[in-house]
Amino acid sequence: MKISRIPVAGAVAAGTVLLAAGPCFAHVSVQPGEAEKGGYSTIAFKVPNERDNASTTKLEVSLPADHPLASVMPQPVPGWDVKVTKSKLDKPLEMHGEKITEAVTKVTWTAKGDGRIKPGQFQQFPLSVGQLPEDADQLVFKALQTYDNKEVVRWIEAPAAGGEEPENPAPVLKLTAPAEGEGGHSHGGSDDAKSGQEQAGGEHGGDHDSAAAEAAEGDSSDTTARVLGIAGIVVGVAGVAFGVLAGRRRSA
């Protein structure tokens with residue numbers, strides 16, 4: 001199984017961040033916008049403050065009931081309390097050989113102290129989710145954004161295929177097919193690789209054979225030279241001895 005991940009730790013540690021775009025174009029979204037089917041992923045709900053005279057104090061995210069997720073874990077966000085709501089499932093899920101009879105249906109973040117999202121800022125709320133469905137192309141998360149002036153903005157409109165973006169679009173996580181070859185780590189090489197290795201082995205084998213032959217030839221030559229040298233020495237010694245004996249006989 002394969003889990004896609006996003007760098008949310010820095011955003012969480014930094015707290016709220018100034019918005020670069022105008023607030024009229026901002027809405028609650030899920031990032032990254034894509035994840036692989038059948039795997040696990042860390043996603044984050046990006047919540048901008050669209051009001052000039054109010055701060056965001058609560059975010060409620062409802063998880064899709066048609067594709068319940070067996071594992072949902074929020075990452076702590078400084079200055080915010082988090083509440084996870086679970087509900088019983090009409091049809092139990094199976095995960096790692098175990099039956100799951102309930103799943104998370106809602107996650108609520110509530111500001112405490114000075115943790116609210118002030119005008120011109122945004123905050124990210126991370127979740128680890130899985131196992132993502134394999135029979136769906138997207139997951140729609142409906143979100144409610146509450147301001148400290150009691151205003152509630154409902155980001156619950158699912159986008160229509162090929163249509164314009166609705167006025168209050170819901171955060172959508174698109175699901176993509178797993179990357180080809182992912183999860184199947186093969187220890188054997190390809191035929192081309194094996195052929196190349198065999199060919200390389202053959203070439204190296206030829207080199208070794210040639211080297212061995214040359215070495216054997218060299219050893220043989222050395223041995224012959226040594227024998228001839230010794231024979232020459234013996235002949236020389238014999239000649240000297242013969243000369244000495246011959247001289248003595250003449251003297252006698």
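Two strands pair if DSSP finds at least two bridges between them, and one such pairing in this predicted model places serine 29 opposite lysine 46 in S5. That makes strand S5 (40-48) a handy place to start a tour. From there we can visit the nonpolar core, two open sheets, a buried glycine and the question of confidence.

**Strand S5 and its partners**

- S5 is largely enclosed by the rest of the structure, because 8 of its 9 residues are buried.
- Strand S3 (residues 29-31) runs antiparallel to S5, and 3 bridges join the two.
- Within that pairing, serine 29 of the chain faces lysine 46.
- S5 also pairs with strand S10 (residues 121-130), again in the antiparallel sense, over 8 bridges.
- Look at alanine 44 to find a register point for this second pairing: its bridge partner in S10 is proline 126.

**The largest nonpolar core**

- The largest nonpolar core holds 31 residues, and Phe45 and Trp109 touch the most other members.
- S5, strand S6 (56-62), S9, S10, strand S12 (142-147), S13 and S14 are the elements that give two or more residues to this core.
- Which residues does phenylalanine 45 contact, once neighbours within four places in sequence are left aside? They are Ser29, Val30, Leu59, Val61, Trp109, Gln123, Gln124, Phe125, Leu127, Phe141 and Pro171.
- Trp109 is thus worth finding twice in your viewer: it is in contact with phenylalanine 45, and it shares with Phe45 the distinction of touching the most other core members.

**The sheet of 5 strands**

- An open sheet of 5 strands follows the order S8-S9-S6-S12-S13, and its pairing is antiparallel.
- Its edges are strand S8 (80-95) and strand S13 (152-155), each of which pairs on one side only.
- On average, neighbouring strands of this sheet are turned by 15° against each other, direction ignored.
- At the S8 edge, S8 and strand S9 (residues 98-111) are joined in the antiparallel sense by 12 bridges.
- To check the register there, start from serine 87, whose bridge partner in S9 is alanine 103.

**The sheet of 3 strands**

- Another open sheet has 3 strands in the order S4-S14-S11, with mixed pairing.
- Here S4 and strand S11 (138-140) are the edge strands, each pairing on one side only.
- Neighbouring strands of this sheet are turned by 25° against each other on average, again with direction ignored.
- S11 pairs with strand S14 (residues 172-176) in the antiparallel sense over 3 bridges.
- Glutamine 138 has lysine 174 as its bridge partner in S14.

**Glycine 39, between S4 and S5**

- Glycine 39 lies in the loop between strand S4 (34-36) and strand S5 (40-48).
- Is glycine 39 buried or exposed? Glycine 39 counts as buried, because its relative accessibility is 3% and the cut-off for buried is under 20%.
- Glycine 39 and proline 178 are 139 residues apart in sequence, with their C-alpha atoms 8.3 Å apart in space.

**How confident is the prediction?**

- The protein chain has a mean pLDDT of 76, and 62% of its residues reach 70 or more.
- Over residues 1-15, pLDDT stays under 50, and the model has 34 contacts beyond four places in sequence for this stretch.
- Residues 244-252 also stay under 50 in pLDDT, and for them the model has 0 contacts beyond four places in sequence.

Technical notes:
Residues are numbered from 1 along each chain as its sequence is written. This is a predicted model: local features need pLDDT of at least 70, side-chain atom pairs count only at pLDDT 80 or more; totals for chains, interfaces and linings use all residues. Side-chain values use heavy atoms; hydrogens and water are left out. Helices (H or I, at least four residues) and strands (E, at least two) are DSSP runs, numbered from the N terminus. Axes are lines fitted to C-alpha atoms, for helices over the stretch in contact, and angles run from 0 to 180 degrees between N-to-C directions. Buried means under 20% relative accessible area, exposed over 50%, partly exposed in between (1.4 Å probe, protein chains only). pLDDT is the predictor's confidence in each residue, from 0 to 100. Contact means heavy atoms within 4.5 Å. A nonpolar core is a set of buried Ala, Val, Leu, Ile, Met, Phe, Trp, Tyr and Cys residues joined through side-chain atoms within 4.5 Å.
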